[in-house]
Amino acid sequence: MRLDKYLKVSRIIKRRPVAKEVADKGRIKVNGILAKSSTDLKLNDEIEIRFGNKLLTVRVLEMKDSTKRDDAQKMYEILSEKRVAVDE
């Protein structure tokens, strides 16, 4: 599944165009490698997302094309969530 679609379906990022924009600005890494919105995800991949001064790291547990709000949290496991210095 594409990275931007996964982020939207799992509700890590609410809208797909926003997920695409974040990825294309170089704020997402998959398994430590800078990722584009079209990057193909697999089970157990680690996604590192930078939201301003927040760094969120999650592991892909499940992939579904659509999900109910309650099931979205089961699609990933939060590995770490921390504040980082903003470099601009």
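Here is a walk through this predicted model, from its core out to its charged pairs.

Let's start in the middle. The largest nonpolar core has 21 residues, and those with the most contacts inside it are Leu3, Tyr6, Leu7, Ile12, Ile28 and Ile47. Several elements feed into this core: helix 1 (3-9), helix 2 (16-24), strand 1 (28-30), strand 3 (46-51) and strand 4 (54-60) each put in at least two residues. Helix 1 gives the most, with four residues.

Isoleucine 28 is a good place to see how these pieces come together. Setting aside neighbours within four places in sequence, isoleucine 28 is in contact with Leu3 and Leu7, then with Ala19, Val22 and Ala23, and also with Ile33, Leu34, Ala35, Ile47, Glu48 and Ile49.

Three of those partners take us to helix 2, where Ala19, Val22 and Ala23 are buried. Looking down the axis of helix 2, the buried residues fall within an arc of 95 degrees, so they line one face of the helix. The spacing makes sense, because an α-helix has 3.6 residues a turn and residues three or four places apart point the same way. What do the buried residues of helix 2 pack against? Their partners are helix 1, strand 1 and strand 3. Just after helix 2 comes glycine 26, with a positive phi of about 80 degrees.

Now for the strands. Strand 1 and strand 3 pair in the antiparallel sense over three bridges, and here lysine 29 stands opposite glutamate 48 in strand 3. Strand 3 also pairs with strand 4, again in the antiparallel sense, over six bridges. Within that pairing, arginine 50 has leucine 55 of strand 4 as its bridge partner. The hairpin of strand 3 and strand 4 has two residues between the strands, and glycine 52 in this hairpin takes a positive phi near 60 degrees.

The loops are worth a stop too. Asparagine 31 is found in the loop between strand 1 and strand 2 (33-34). Its relative accessible area is 44%, so asparagine 31 is partly exposed. Not counting residues up to four places away in sequence, asparagine 31 touches Asp45 and Glu46. Leucine 41 is ten residues from asparagine 31 along the chain, and their C-alpha atoms are separated by 10.0 Å.

Serine 37 sits in the loop between strand 2 and strand 3. Is serine 37 buried or exposed? With a relative accessible area of 5%, serine 37 is buried, because the cut-off for that class is under 20%. Leaving aside neighbours within four places in sequence, serine 37 is in contact with Arg2, Leu3 and Asp4, and with Lys20, Ala23 and Asp24.

That brings us to the charged side chains. Side chains of opposite charge can pair when their charged atoms come close. The count here comes to eight salt bridges. In one of them, arginine 16 pairs with aspartate 4, and the closest N and O atoms are 3.4 Å apart. This pair links distant parts of the chain, with arginine 16 in helix 2 and aspartate 4 in helix 1, twelve residues apart. Aspartate 4 counts as buried at 3% relative accessibility, while arginine 16 is partly exposed at 31%. Arg2 joins in as well: Arg2, Asp4 and Arg16 are linked in a network of salt bridges.

Two further salt bridges involve strand 4. The side chains of lysine 54 and glutamate 81 meet at 2.9 Å, N to O. Lysine 54 lies in strand 4 and glutamate 81 in strand 5 (residues 76-83), so this salt bridge ties together parts that are 27 residues apart in sequence. Lysine 54 is partly exposed at 29% relative accessibility, and glutamate 81 is partly exposed at 47%.

Arginine 59 and glutamate 77 form the other salt bridge, at 3.3 Å from N to O. Arginine 59 belongs to strand 4 and glutamate 77 to strand 5, so the pair ties together parts that are 18 residues apart in sequence. Arginine 59 counts as partly exposed, with a relative accessible area of 24%, and glutamate 77 is partly exposed at 33% relative accessibility.

Methods: Residues numbered from 1 in each chain as written. Predicted model: local features only at pLDDT ≥ 70, side-chain atom pairs only at ≥ 80, totals over all residues. Heavy atoms only, no water. Core = buried A, V, L, I, M, F, W, Y, C linked by side-chain atoms within 4.5 Å. Buried < 20%, exposed > 50% of the residue type's maximum accessible area, 1.4 Å probe, protein only. Contact = heavy atoms within 4.5 Å. Arc of directions from axis to C-beta. Salt bridge = Lys/Arg side-chain N within 4 Å of Asp/Glu carboxyl O. Pairing = 2+ DSSP bridges.
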